[in-house]
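Here's a quick briefing to read alongside the model. We'll start with overall dimensions, then go through domains, backbone details and a few side chains.

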Amino acid sequence: MNKKKIAWLLVLTMLLTVGISACKKTETPPESPSNEATKMEETAETGLKDGVYTGEATGYGGTVKSEVTVKDGKIADAKVVEHGETTMISDMAISEIPKRVVETQSLAVDGVSGCTVSSMAVKKSLEKALESAGADLKALKKEIVKEAVERKTEEKEADVVIIGAGGAGLSAAVSAYEHGAKSVIIVEKMPFIGGNTLRAGGAYNAADPEVQKAQGIEDSIEKHIEQTYEGGHKVGNLDLVTVMCTNALDGVHWLADMGLEWKEKIGSVVGSKWPRSHQTEKPLGTGYITVLGNKVKELGGEILLNTKASELIVEDGKVVGVKAEGIDTDYTIRGNKGVIMATGGYAGNPEMVREYLSDGVYTKENLPEKLVSTNHPGATGEGILMAQKIGADVIDMQHIQLLPMPGDRFGPSINVEDSFFINKEGKRYVKEDGGRDEICLATLAQTDGQYFMITDAQIVPENRKTLSGENLDVLIAKGIVVEADSVEDLAEKIGVPADALKETIDTFNGYVEKQEDPEFGRTVWGKKIEKAPFYATLRYPALHHTMGGLHINTEAQVLNKDGKVIPGLFAAGEVTGGIHGDNRLGGNAIADIIVFGRIAGESIMK
Ligand SMILES: Cc1cc2nc3c(=O)[nH]c(=O)nc-3n(C[C@H](O)[C@H](O)[C@H](O)COP(=O)(O)OP(=O)(O)OC[C@H]3O[C@@H](n4cnc5c(N)ncnc54)[C@H](O)[C@@H]3O)c2cc1C
């Protein structure tokens, strides 16, 4: 095999690893135009008539409208002119896919890994526009033949090298600069930054007694420590738990100083156990990634996208750098102070999850065969494997978390106080403010392992956008959320007995009035469910979080199997283990990644 062919095989392998290993669709990150090496197999007769055409399709946040200009029988221009997709997550799909259609004169372009729904909507809207232009769609969808790209090698050097540009990695980068770093390089295997942090519900737990008191909530750092440790059934490391809970509020202020806008109201998300979850004004985790990403840029940090770290470089027992594969370049990157591993968890890799299951809340026996994952496609765990290869210890790998709702079915709200849950018989079966393990195990025992979250008009904001930034009307049109003018109508639409649902709502509203739940012991209360229209969202457990990972100390240094520090190797975020025990509280992961990301950035510069 000649050198060129080998190089192309490597490109292909990398793209496939990134795009397919964790993604449902065969998607690859779009190359930058300079690397673009694609052409139609042959100049097909496409039947295009000159003019300007528009096409529409439904995306995540509503209608995606594209405009295509045809000149001299060719696609001269294409762009998305209207959309309600979530900023940052969909940006690449919105900007890159139309460009690639023009460059390749083809509709057979790849979507963007990590934003499947938006990619599909953009492609569909372009297809509709081209259909109006009289295109022979079959010809336009002909497979694109990719030409081989010559691989290059490049050596780079910085004070600090970070693997993974999610919340932990970006926090570590900012912190490293704050503690004297002159240069930071982050390698990120996806086409855009953010990882799971970008698509998180955004809840950040921190005891903030002063603000909470004004909202009638009693709280303290000690209570946060106690609930985190006990919520994880005392499996977590109390020192790490204490560090996280003690520094969480400082992290809230640190982010605010960088420009993050927090919502005034502090609430509680599913499984958070207490109303101490801070939410940002921006949807999902986009607020965190925007301010952190901007700060890293402002400080001069370099982020290599589409670049997958494959190996840690060790010299004389110290981690001194990393090898990484970009689209057309093999990098050797030296970190003078060392390397911070911030590659996130592996709940997007069901095989790896199952491999480690043993005696946690979920076992090989009780974990359902078929499970969807809420995670982004890059959450595949190779950071853990890379570190293990050089002797790192892992901890709590058998402990995973299911979320009592799949990522695409958050519905109108993720706040516990806004809703209650019923099974398909129309009855409550669990306390909605219980631990995620409690709710999921109880749900798996119900008919079809599913439940409905019931809520009402009082939680719908004027702009009809849900907490996760989705358009409620799109969710209703897609059947993800069911809307009804009466309880009876709702029961009929979701197929549960109307009298049972009516009785459940009346009983629940009685509990709200007394702030007491003699059946299941719920303690977090909001308003009664009584104002039409009423809403139901079908939900079921999904693979969500991996509590196990690299064994670290309170300085975010990675330990080996003898409990000794591995010089030069630090880790932060979901790639680490030992904090959340066997059940993480909802809202504690964002606190974890910010607190330990900052610590890792400081420690590496010491
Ligand atoms: C849908 C969803 C909702 C959630 N909601 C909440 C919430 O409201 N509150 C809360 O506390 N927690 C929530 N979580 C959990 C929380 O978001 C994550 O635990 C946290 O964001 C992980 O941050 P991280 O920086 O460790 O990893 P990530 O944010 O996932 O970042 C890791 C990055 O590393 C990159 N990477 C991986 N391997 C490599 C490699 N080999 N080379 C280069 N780059 C690599 C990944 O592509 C990724 O960008 C949610 C999670 C999900 C999936």
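For a chain of 606 residues, the compact-globule rule predicts a radius of gyration near 25 Å, and the chain comes in at 25 Å, so the two agree. Keep in mind that this is a predicted model. Measured out along its principal axes, the C-alpha trace covers about 75 × 65 × 45 Å. In secondary structure terms, you're looking at 17 helices and 23 strands.

**Domains**

- The domain assignment splits the chain into domain 1 (51–141), domain 2 (153–401 + 544–604) and domain 3 (405–540).
- Domain 2 is written as two segments, 153–401 and 544–604, and the numbering of domain 3, 405–540, falls between them.

**Where domain 1 meets domain 2**

- The C-alpha centres of domain 1 and domain 2 sit 35 Å apart, and the contact draws on nine residues from domain 1 and eleven residues from domain 2.
- Together, domain 1 and domain 2 bury about 870 Å², with 76% of that on carbon and sulfur atoms.
- On the domain 1 side, the residues touching domain 2 break down into five nonpolar, four polar and no charged residues.
- How many salt bridges cross between domain 1 and domain 2? The count is zero.
- As for polar contacts between domain 1 and domain 2, one residue pair makes the list, with both partners at pLDDT 80 or more.

**Backbone details**

- Alanine 532 and proline 533 are joined by a cis peptide bond, with omega at about -5°.
- Proline 533 belongs to the loop between helix 16 (498–514) and strand 19 (534–539).
- Aspartate 72 has a positive phi, near 50°, despite not being a glycine.
- You'll find aspartate 72 in the loop linking strand 3 (63–71) to strand 4 (74–82).

**Salt bridges**

- Side chains of opposite charge can pair when their charged atoms come close.
- The salt-bridge rule gives a count of 24 here.
- Lysine 424 and aspartate 448 form a salt bridge, with their closest N and O atoms 2.9 Å apart.
- That pair links distant parts of the chain, 24 residues apart: lysine 424 is in the loop between strand 16 (420–422) and helix 13 (436–444), while aspartate 448 is in the loop between helix 13 and strand 17 (451–456).

**Around leucine 249**

- Leucine 249 is part of helix 9 (residues 238–257).
- Which residues does leucine 249 contact, leaving aside its neighbours within four places in sequence? They are Ala206, Ala207 and Asp208.
- If you want a longer span to check, the C-alpha atoms of leucine 249 and proline 461 are 28 Å apart, with 212 residues separating the two along the chain.

Terms used: Residues are numbered from 1 along each chain as its sequence is written. This is a predicted model: local features need pLDDT of at least 70, side-chain atom pairs count only at pLDDT 80 or more; totals for chains, interfaces and linings use all residues. Side-chain values use heavy atoms; hydrogens and water are left out. Domain bounds come from an automatic or database domain assignment. Contact means heavy atoms within 4.5 Å. Buried area is the accessible area (1.4 Å probe) that two parts lose on being put together, summed over both. A salt bridge is a side-chain nitrogen of Lys or Arg within 4 Å of a carboxyl oxygen of Asp or Glu. A polar contact is a pair of N or O atoms within 3.5 Å; within protein, one must be able to donate a hydrogen and the other to accept it, and residues adjacent in sequence count only if both atoms are side-chain atoms. Ala, Val, Leu, Ile, Met, Phe, Trp, Tyr, Cys and Pro count as nonpolar, Asp, Glu, Lys and Arg as charged, and the others, Gly among them, as polar. Helices (H or I, at least four residues) and strands (E, at least two) are DSSP runs, numbered from the N terminus. The radius of gyration is taken over C-alpha atoms; the globule rule is 2.2 Å times the number of residues to the power 0.38.
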